[in-house]
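Dear colleague,

I am handing over the structure below, and after it you will find what came out of going through it. Please read the notes alongside the coordinates.

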Amino acid sequence: MKISTVLHTFLFISLSSLFAISTSHAQQWDGNRMKIELSINNGANTTVSSLTSLSISYNNPSATTTKDSVENLVIEDYNPCYIVITFDQLDLPLLRLFRQKNTTLNGQITVTDSYGKRPTRKIELKSVVMDGMNDNFINDSETSFMNLSCKELIVDGIILKN
């Protein structure tokens, strides 16, 4: 009886450990499931970058905004579409492209599910600019972020602009 209980306990612990290992491996694999790619064009050159994450936001003046404040808003300088992109390491060719003077940049972000279960998402960026960036080093890893804005954002054919 004691041997049977010990054997059952050993099998239970072994199977639990195996399940935990396979689950953590599956979670790591799912971390690479979505492929996010950014391409930015200045009319002459295109730079393509692989992203680790993407966040988009669209802001429209609300109904609580007074008419006077909207009239005084310089629409040419207002970018209602915000994008935050993340890299494993800073993409220097992309940074160089954003730092060019007197250049209108347009771009596209494609999000693809490597499992093929979700439809590919296409996001177009019109008159995109880099508002800021940061580069983080933690021990032996690096993570970089760029904050972008644009005058027009097209998400799967739906136009978002002011």
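Glu-142 is buried (under 20% relative accessible area with a 1.4 Å probe, protein chains only) yet has no salt bridge, a salt bridge being a side-chain nitrogen of Lys or Arg within 4 Å of a carboxyl oxygen of Asp or Glu. The nearest side chain of opposite charge, Arg-96, is 13 Å away, where Lys and Arg count as positive, Asp and Glu as negative, and His and the chain ends are left uncounted.

This is a predicted model, in which local features need pLDDT of at least 70 and side-chain atom pairs count only at pLDDT 80 or more, while totals for chains, interfaces and linings use all residues. Residues are numbered from 1 along each chain as its sequence is written, and side-chain values use heavy atoms, with hydrogens and water left out.

Glu-142 sits in strand β8, residues 141–150, and a polar atom of its side chain lies 3.4 Å from the backbone nitrogen of Leu-90. Setting aside residues up to four places away in sequence, Glu-142 touches Phe-87, Asp-88, Gln-89, Leu-90, Asp-135, Asn-136 and Phe-137, contact meaning heavy atoms within 4.5 Å.

As for the fold, the protein has three helices and 10 strands, taken as DSSP runs of H or I with at least four residues and of E with at least two, numbered from the N terminus. Strand β6 (residues 121–126) pairs in the antiparallel sense with β5 (residues 106–113) over five bridges and with β9 (residues 152–155) over four, pairing requiring at least two DSSP bridges.

Best regards

Note on methods
Buried means under 20% relative accessible area, exposed over 50%, partly exposed in between (1.4 Å probe, protein chains only). A polar contact is a pair of N or O atoms within 3.5 Å; within protein, one must be able to donate a hydrogen and the other to accept it, and residues adjacent in sequence count only if both atoms are side-chain atoms.
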